[in-house]
Amino acid sequence: MPIYIYKGCYGLVKFSGVGEAIKHEEEGLKRAKVKMEGRLTKETDVIILNTVFPDSFFLAILCKIMKKKIVYYAHSSREDFKDSFKFSNLLAPLFKRWMYLCYRLGDIIITPTEYAKKMLKEDGLNKKIYVLSNGVDTSKFKKAESNDIRRKYGVKKTEVLVISVGHLIERKGIIEFINVARHFKPYKFIWFGDTKKYLMERKVKKAIKTAPDNIIFAGKVSQDALAAAYNEADIFLFLSKEETEGIVVLEALSSQTLTILNDIPVYDSFLYGGFNVLKAHGENDAINILDNIHLLNTGKIKENGLLVARERDLSIIGKKLKEILRENFPDCI
């Protein structure tokens, strides 16, 4: 029986980690030779949901009535909604209740890390929960010769280029990224990603408005441009305060870009400071790491980071997802 990955309201998440995760699911299952449908039909037996928008909730209700099986991806947690958009902290308690109302409609739950699973369990989600990375396309994000990004943004080959990727929201560490840039005026910093101004918190708007002139805000770019950016960057500086995994981190590791992360619990089970990444305890520690980076064996760190990405290649993730579906819905796969 075919699988249907529901993509309602995809336009709202297209440029987010959830949007990338949906594309990864499709590509992974395609590589695993799992039959998929482009729409919900009577023959559809399993539906995969990725968002907690009202349309997904009501479709899940309908699927329950039609006795179809539901796989719900838990991409969000109680924590990663905070410090995101205007009024997000005020709405966080309501969002949490709604989010779990949606997740409880799943026959099984898939979440990308042990950390995310732990939070779901602690919040009382009494469902079978599988941990499966969102994965990364190592054939797209790989080390390759490129100079397009530096040329486009006027960054010399001799200049140190530090990049980050994500929405322009406090949780992603944009304010800390700007503060670090102030300490390294000879370096160039580029932030890839955007957020509508009316959704930005006042403090984020102020930080961007007063950012030093060695920062470039590139906005949304294509996946090809992003792959080139990882290649040409000397450092990927990702000071996010909360993640359920961080696809952009896997992309940077796959591209063998030296990666500096904020030391948060989600990475504890697979990323280790000084081994496959560098970990900072806030912006001051990030500044100290950048000051002393020449003392480290960064080549070995990047090699070890690449191994993390290869273990999460979409071909591997697709096979694992197929196994999860077969285990729970043997008549469908």
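**Exercise 1. Decide whether Tyr-153 is buried or exposed in this predicted model, and find its surroundings.**

Step 1. Begin with accessibility. Tyr-153 has a relative accessibility of 18%. Buried means under 20%, so Tyr-153 counts as buried.

Step 2. Place the residue in the chain. Tyr-153 belongs to helix 6, which covers residues 148–153.

Step 3. List the partners. Setting aside neighbours within four places in sequence, Tyr-153 touches Ile-190, Phe-192, Ile-216, Ala-218 and Val-221.

Step 4. Take one partner and compare sequence with space. Tyr-153 and Ile-190 lie 37 residues apart in sequence, while their C-alpha atoms are 8.8 Å apart.

**Exercise 2. Work out how helix 9 and helix 10 cross, and which residues meet there.**

Step 1. Find the two elements on your screen: helix 9 spans residues 223–232 and helix 10 spans residues 247–254. Their axes come within 9 Å and cross at roughly 55°.

Step 2. Name the arrangement. An angle of that kind makes helix 9 oblique to helix 10.

Step 3. Add the handedness: helix 9 and helix 10 cross in a right-handed way.

Step 4. Look at the side of each helix that takes part. Helix 9 brings Gln-223, Leu-226 and Tyr-230, and helix 10 answers with Val-248, Glu-251 and Ala-252.

Step 5. Sort these residues by class. The contact of helix 9 with helix 10 holds 4 nonpolar residues, 1 polar and 1 charged.

**Exercise 3. Do the same for helix 10 and helix 12.**

Step 1. Helix 12 runs over residues 298–310. The axes of helix 10 and helix 12 come within 7 Å, with a crossing angle of roughly 125°.

Step 2. Helix 10 is therefore oblique to helix 12.

Step 3. The crossing of helix 10 past helix 12 is left-handed.

Step 4. From helix 10, the contact uses Leu-250, Leu-253 and Ser-254. From helix 12, it uses Gly-305, Leu-306, Val-308 and Ala-309.

Step 5. By class, the contact of helix 10 with helix 12 divides into 5 nonpolar and 2 polar residues, with no charged ones.

**Exercise 4. Count the disulfides, and explain why Cys-102 is not bonded to Cys-9.**

Step 1. Searching the whole structure gives 0 disulfides.

Step 2. Check the distance for Cys-102. Its closest cysteine sulfur is in Cys-9, 12 Å away. A disulfide needs the sulfur atoms within 2.5 Å, so this pair is too far apart for a bond.

Step 3. Compare the settings of the cysteines. Cys-102 is buried, at a relative accessible area of 0%. Cys-63 is buried as well, with a value of 0%. Cys-9, at 34% relative accessibility, counts as partly exposed.

**Exercise 5. Describe the backbone and setting of Cys-9 and Gln-256, which have positive phi values without being glycine.**

Step 1. Start with Cys-9. Its phi is about 60°. You will find Cys-9 in the loop that joins strand 1 (3–5) to helix 1 (10–13).

Step 2. Move to Gln-256. Here phi is near 60°. The residue sits in the loop between helix 10 and strand 11 (258–262).

Step 3. Finish with accessibility. Gln-256 is partly exposed, with a relative accessible area of 25%, and Cys-9 is also classed as partly exposed.

Terms used: Residues are numbered from 1 along each chain as its sequence is written. This is a predicted model: local features need pLDDT of at least 70, side-chain atom pairs count only at pLDDT 80 or more; totals for chains, interfaces and linings use all residues. Side-chain values use heavy atoms; hydrogens and water are left out. Axes are lines fitted to C-alpha atoms, for helices over the stretch in contact, and angles run from 0 to 180 degrees between N-to-C directions. Helices (H or I, at least four residues) and strands (E, at least two) are DSSP runs, numbered from the N terminus. Angles under 35 degrees count as roughly parallel, over 145 as roughly antiparallel, 65 to 115 as roughly perpendicular and the rest as oblique. A crossing is left-handed if the near helix is turned anticlockwise from the far one by less than a right angle, and right-handed if clockwise. Contact means heavy atoms within 4.5 Å. Ala, Val, Leu, Ile, Met, Phe, Trp, Tyr, Cys and Pro count as nonpolar, Asp, Glu, Lys and Arg as charged, and the others, Gly among them, as polar. Buried means under 20% relative accessible area, exposed over 50%, partly exposed in between (1.4 Å probe, protein chains only).
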